[in-house]
Structure formats: structure tokens, C-alpha cells
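Hi,

Here is the structure I said I would pass on. Have a look at it first, and my notes follow underneath.

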Amino acid sequence: MRRFDLTLPRTVDDCVKILSDRGDDAKLVAGGTDLLPQLKNGLLKPRYVVDLSGVETLRAIRVANGSGLRLGAAVTARAIETEPHILSAYPALAESGALVGSLQIRNLATVGGNLCNAAPSADMAPPLLALDAEAVIVGPRGERRVPLTTFFLGVRKTVLAADELLVELVVPAPGPRSGGQYLRHTPRRELDIAVVGVASQLTLTDGVCRKAAIALASVAPTPVRAVAAERALTGQAVTPELIERAAELAVDAARPISDQRGSADFRRHLVKVLTRRTLTTALERARAARQEA
Amino acid sequence: MAKQVLSCTINDEPVEVLIQPYSTLLDALREDLGLTGPKEGCGTGDCGACTVHLDGQPVASCLVLAMQARNRNVRTIEGLAKGALHPLQDAFVRHGAPQCGFCIPGVLMAAAALLEANPRPTEEEIRYGIAGNLCRCTGYTKIVAAIAEAATLTSEGARA
């Protein structure tokens with residue numbers, strides 16, 4: 001591996017100081033599962049690497065009754081996949097955590113790393129987008145909050161400046177009678193990258209869809225919301241026919257490329273199929289959800 | 001690039017060692033500490049040959065910076081047996097599970113973590129538990145059978 005100096009901060013403030021001094025020459029490492037391969041193959045050549053594993057606050061999962069979930073940026077995929085509250089109230093997010101790499105990877109890989117690496121296929125991005133999560137970013141000028149819908153700028157590009165770091169994700173409570181699901185298509189079950197990933201989240205009031213959110217991965221330079229499909233569902237009684245129509249509308253939000261994982265046409269087909277399936281499950285889960293969730 | 005002092009516990013022994021800041025945990029184990037049980041297959045976290053336990057959880061040690069193991073517990077294949085062979089190792093020998101053997105230290109560490117979390121796994125759970133480990137000899141059938149037998153023997157032993 002190419003040589004670098006490693007710093008071991010204990011606090012977010014220390015991280016910001018290091019990044020202010022050396023931002024352009026520095027890279028943050030949390031789980032390392034995306035960074036280390038890029039250091040080994042020479043894609044990244046930082047002079048300094050800043051290890052976040054000593055910053056305890058970044059690993060916190062905080063649940064406030066009725067007011068949602070706060071996920072430290074260095075919470076692992078494994079923690080997200082196994083945390084009982086996430087499993088029950090945010091199943092789409094738990095499902096996405098369970099799909100990242102192998103167990104050996106999920107014990108290391110972090111939600112913040114998955115987002116900041118900004119791969120179009122990032123599995124934890126669609127559920128967080130569909131849940132209206134906000135990114136809490138800290139830099140030398142203080143803290144700012146960015147909706148995840150505007151966090152991604154392109155392939156491997158985010159709104160983070162060189163002297164800023166993602167510290168936390170704030171996920172609003174989806175409310176009672178809400179349900180969601182994340183599904184992806186991969187040729188093999190384990191250790192693969194999504195050809196297409198879709199997260200759907202539905203919230204019902206008196207049997208009518210009060211809020212619908214659909215987010216797609218691997219079909220554009222960034223994860224995207226399928227806004228037209230969401231609008232078609234909102235305010236309506238959700239029937240199989242309406243789900244079919246929303247699935248067709250979701251295809252319009254996709255701008256897929258053809259690559260070794262699949263053609264653009266195949267990806268458009270998968271968006272439709274996976275949107276239909278995730279909306280169907282989201283509806284079942286919303287109907288079964290406990291009122292106090 | 002000054003070397004840094006890594007203090008951690010490896011196979012129940014406190015360890016202090018000077019390492020390069022860019023060393024992976026796998027490099028430090030193999031090159032600095034002489035623990036060559038964990039293997040480097042791919043170096044990118046795909047094959048699982050470098051699997052060790054970090055605070056009891058299986059990780060790909062080729063993707064961990066050595067200094068990230070500071071103040072933590074590391075267990076390698078060298079620390080799996082306590083006196084006699086671990087029941088998994090014993091079952092692997094009896095079933096002839098290793099072919100070339102390169103993947104086996106990683107498979108055993110993944111299997112040991114699986115049985116600690118789930119002492120009586122189904123065949124599907126066993127296959128899922130070692131899904132992060134590639135055997136290029138494709139000798140999975142005997143590996144799965146050996147893990148299933150070790151699970152049966154240890155959980156019967158625990159009941160007796």
C-alpha cells in the first residue's frame with residue numbers, strides 16, 4: 001500500500017482541525033472497506049489518513065420516542081441490520097444494511113462511509129432518501145444540515161468540502177401506519193453490487209396514502225427519488241392498479257447506463273419490477289404497523 | 001512516516017509492537033507478529049481468507065488499518081484451539097474439508113463466529129455464515145458437513 005501518515009483523533013473537533021490544516025491531502029477512514037481498496041489500487045493518494053474509529057460519538061445510535069432516529073456516521077452496517085428498533089420501525093434501512101458485502105465487511109463498513117463514498121449503487125442510500133433523512137455536517141464554520149436528496153452531486157461526489165465531515169444522519173420517525181422495504185437485484189446473493197436497488201416507504205391515514213417515497217439506486221449518477229410516482233400515490237387509496245401505474249412512472253426517474261452489470265433497458269425493467277414489489281410490501285407493512293410506531 | 005505503537009490483545013496475550021502507519025492489521029499480524037495463519041487472498045475484502053475476530057466479530061483484516069485494532073481484542077486462527085483442537089478444527093480434519101487449505105483459517109474463524117452466535121445452525125444458515133469466504137478448490141460440501149457436525153457435537157456436549 002502507498003505510504004501515508006495516520007492521525008488518531010478522539011473528537012469531532014480534532015477531526016475538523018486536522019481537516020482544516022490538511023483537508024486536500026487528507027482522507028477520513030471509518031470502516032475502511034471502500035477506502036482501503038482505493039488506497040491499495042492507487043485511485044487515492046492522500047498524504048494523511050484520519051482514523052475515525054477513536055471518535056466514540058460517531059458510533060452512537062439514538063432513538064427518541066416519536067421523534068425519529070439519529071445515526072452516528074460510523075455506525076456499522078451490521079449494527080443497522082441487527083438493532084431491534086431499526087428492524088421494527090425502519091425495516092427498509094435494516095434490509096439495506098444486511099445486503100452490504102459479507103459479514104466480515106458489514107462488521108466494518110459504516111453508513112457514513114457508504115454515503116460519502118457516493119457510489120450510485122450504495123445500498124443504504126435509497127432507504128435513507130425515502131425516509132427523508134438529513135445529513136449533519138461539521139466543518140470549521142460550524143454545523144450545517146443537508147437533506148440527503150441534495151447531498152449527492154455525482155458519481156463519488158458529495159456536497160462535503162475538504163474540511164468537512166459527515167457526523168450524523170437524522171431520520172424522522174415515519175409515523176404510525178407506515179411501512180417500507182428495500183430490494184435490490186444482483187446476479188448472486190452475497191458480495192455483489194446492485195444492478196438496481198429500490199426503497200419504498202408508504203404512510204397511511206384512514207386507508208389513504210398520506211405520504212409516499214420511492215428512491216432508486218444504480219440507475220443514475222446519484223441515488224434519486226421517483227417524484228412523479230410518489231405524487232401519483234399521495235392522497236389515493238393504494239390499489240394493485242395504482243401500484244402498477246406508480247411502478248411505470250418510477251421508470252421515468254431512472255437515467256440508467258448500460259455496463260457490465262446490465263443494460264439500460266434491463267435496468268428500466270428492474271425499476272418497474274422492484275418498485276411494484278417494494279410498494280406492495282410497504283403497503284402490507286403499513287397496514288400491519290402498530291399505531292404507536 | 002514515523003512508526004506507531006500498536007497496543008492490543010492478540011489471542012489473549014497483551015501485545016505492543018511498532019508498526020508502519022499504513023500497515024493493515026493483516027500485514028501487522030503476518031509480517032510483524034509472525035502470525036501467518038490469516039492469509040492474504042484478494043487484499044480487497046472479497047475472499048475472506050484474512051478473516052480474524054475483532055472484539056469477537058469476524059472482520060476482513062486486509063481492510064483494517066493495524067492501528068484501528070488499538071486497545072481491542074484480536075483473535076486469529078492461532079488462538080482458536082485451547083489445548084486440544086477446536087471442535088471445528090477436529091471436524092474439518094475428520095471430514096477432509098481442507099483441499100489446498102489456503103481458505104481454511106478464514107473459513108474456520110467465520111464458522112467459529114457463526115457457532116458462537118447460533119450454536120445449532122441450519123444448512124442454509126451455515127452457507128450464509130461462510131458466504132464471505134471463497135474456496136477456490138470449491139470444496140464447500142465437506143466444509144459445510146464438518147461445520148454441521150461440529151455444531152451437533154458441541155451442542156450435545158453442552159447438554160451432557
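Arg189(A) and Glu124(B) are worth pulling up straight away: their side chains form a salt bridge, with 3.3 Å from N to O. Do keep in mind that this is a predicted model. Across the interface of chain A and chain B, the rule picks out two salt bridges, and the pair above is one of them. There are also 12 residue pairs in polar contact across that interface, both partners being at pLDDT 80 or more.

If you want to know which parts of chain A do the touching, strand S1 (5–7), helix H2 (35–40), strand S3 (48–51) and helix H6 (103–106) each bring at least two residues to the side that meets chain B. H6(A) has the largest share, with four residues. Sorted by class, that side of chain A comes out as 14 nonpolar, eight polar and eight charged residues.

Now for the overall numbers on the interface. The contact involves 30 residues of chain A and 30 residues of chain B. Together the two chains bury about 2500 Å², and carbon and sulfur atoms account for 57% of that area. On the chain A side, Leu6(A), Lys40(A) and Gln104(A) lose the most area to chain B; between them they make up 22% of what that side buries.

I also went through the empty space. The second largest pocket holds about 580 Å³. It has 21 lining residues, and the ones closest to its centre are Ser53(A), Gly54(A) and Arg59(A), along with Gln68(B) and Arg72(B), so both chains contribute to the lining, going by the definition of a lining residue. The lining as a whole splits into eight nonpolar, eight polar and five charged residues.

And how many cavities of 30 Å³ or more does a search of the whole structure find? Just one. The largest cavity has about 30 Å³ of space. Its lining is made up of Ala97(B), Pro98(B), Gln99(B), Cys100(B), Gly101(B), Phe102(B), Cys103(B) and Ile104(B), plus Cys135(B) and Cys137(B). By class, eight of these residues are nonpolar and two are polar, with no charged residues.

That is what I have for now. Shout if anything is unclear.

Cheers

Conventions. Residues are numbered from 1 along each chain as its sequence is written. Chains are lettered from A and ligands numbered from 1 in the order in which they are written. This is a predicted model: local features need pLDDT of at least 70, side-chain atom pairs count only at pLDDT 80 or more; totals for chains, interfaces and linings use all residues. Side-chain values use heavy atoms; hydrogens and water are left out. Contact means heavy atoms within 4.5 Å. Buried area is the accessible area (1.4 Å probe) that two parts lose on being put together, summed over both. A salt bridge is a side-chain nitrogen of Lys or Arg within 4 Å of a carboxyl oxygen of Asp or Glu. A polar contact is a pair of N or O atoms within 3.5 Å; within protein, one must be able to donate a hydrogen and the other to accept it, and residues adjacent in sequence count only if both atoms are side-chain atoms. Ala, Val, Leu, Ile, Met, Phe, Trp, Tyr, Cys and Pro count as nonpolar, Asp, Glu, Lys and Arg as charged, and the others, Gly among them, as polar. On a 1 Å grid over the protein atoms alone, a cavity is a set of points where a 1.4 Å probe fits but cannot get out, and a pocket is an open set with protein on both sides within 12 Å along at least five of seven lines; lining residues have an atom within 4 Å of a point. Grid points are joined across faces, edges and corners, and a volume is the space filled by probe spheres set on the points.
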